[in-house]
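Reader: I have a new structure to go through. Can you walk me round it?
Author: Sure. Here it comes.
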Amino acid sequence: MLEVKKLGDVPHLAPIVASWTFDEWGQTLGRTYSEQLSMFEERSNIGKLPICFLALLDGCPVGTVSLVKDDNLEEFGVYTPWISALYVAPKYRGNGVAAKLLKEAGDTAKSLGFNKIYLHTPNAKEYYLKYGWVEKDCTTCKLGRTIVMYQKI
Ligand SMILES: CC(C)(COP(=O)(O)OP(=O)(O)OC[C@H]1O[C@@H](n2cnc3c(N)ncnc32)[C@H](O)[C@@H]1OP(=O)(O)O)[C@@H](O)C(=O)NCCC(=O)NCCS
């Protein structure tokens, strides 16, 4: 069974989220693993931002996404909240895990009173377009050229 939990409900799983995202982006962004872990420990909230979500397949962690106040793009600082660090472990890709994580993060943002969510992506614009995200702008971040997108929720 695939379920999505908040990291705050399974805090012992923070190291796996830190490890996935450190390998995927953290190193490139110049963070240490320990900084990456602290960042996710700070996302262990339940009813306020920032919140990290974990997808569990029969209890085994298979993916993650975060809902954060901002995602380090200064010129878009007035927009909030942002979907960040969407990641599914390679073996479990192509089974709708990311779609379920995005739905849960969107529903949570709505329940917190937001009516739009934002993200930026250097490499997965086509993926988000398929799920109803709209291209808003483009800019440059430490990962290179990145597309800013939004979705009404
Ligand atoms: C992008 C990612 C989260 C998708 O996870 P997933 O659970 O496999 O996603 P879903 O099952 O919901 O959707 C899979 C579909 O998305 C497509 N897809 C995956 N990555 C894509 C990309 N970068 N661009 C366009 N489409 C992509 C797959 O080809 C698949 O298409 P299909 O349904 O037609 O076969 C996963 O590939 C991943 O973790 N990638 C590395 C990190 C990353 O790029 N994150 C997003 C950055 S903002």
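Reader: Which helices and strands each supply at least two residues of the shell around the ligand?
Author: β4 (82-88), α3 (97-111) and α4 (125-130) do. Helices (H or I, at least four residues) and strands (E, at least two) are DSSP runs, numbered from the N terminus. Residues are numbered from 1 along each chain as its sequence is written. This is a predicted model: local features need pLDDT of at least 70, side-chain atom pairs count only at pLDDT 80 or more, and totals for chains, interfaces and linings use all residues.

Reader: Which residues come nearest the ligand?
Author: R93, A98, A99, A124 and Y127, out of 16 around the ligand. Near means that the C-beta atom, placed from the backbone, lies within 6 Å.

Reader: Back to α3. Which of its residues are buried?
Author: V97, A98, L101, L102, E104, A105, G106, T108 and A109. Buried means 20 or more other C-beta atoms within 10 Å of the residue's own, with C-beta atoms placed from the backbone.

Reader: What do they pack against?
Author: β1 (2-6), β2, β3, β4, β5 (116-121) and β7 (144-152). Contact means C-beta atoms, placed from the backbone, within 7 Å.

Reader: How far apart are the ends of α3?
Author: Its end C-alpha atoms are 21 Å apart, which agrees with the 21 Å that 15 residues should span at 1.5 Å a residue. The expected span is 1.5 Å times one less than the number of residues.

Reader: And what does α1 span?
Author: Helix α1 (residues 14-26) spans only 15 Å between its end C-alpha atoms. A straight helix of 13 residues would span 18 Å.

Definitions and conventions. A residue is buried if 20 or more other C-beta atoms lie within 10 Å of its own, exposed if 12 or fewer, and partly exposed in between; C-beta atoms are placed from the backbone. Two residues are in contact if their C-beta atoms, placed from the backbone, lie within 7 Å.
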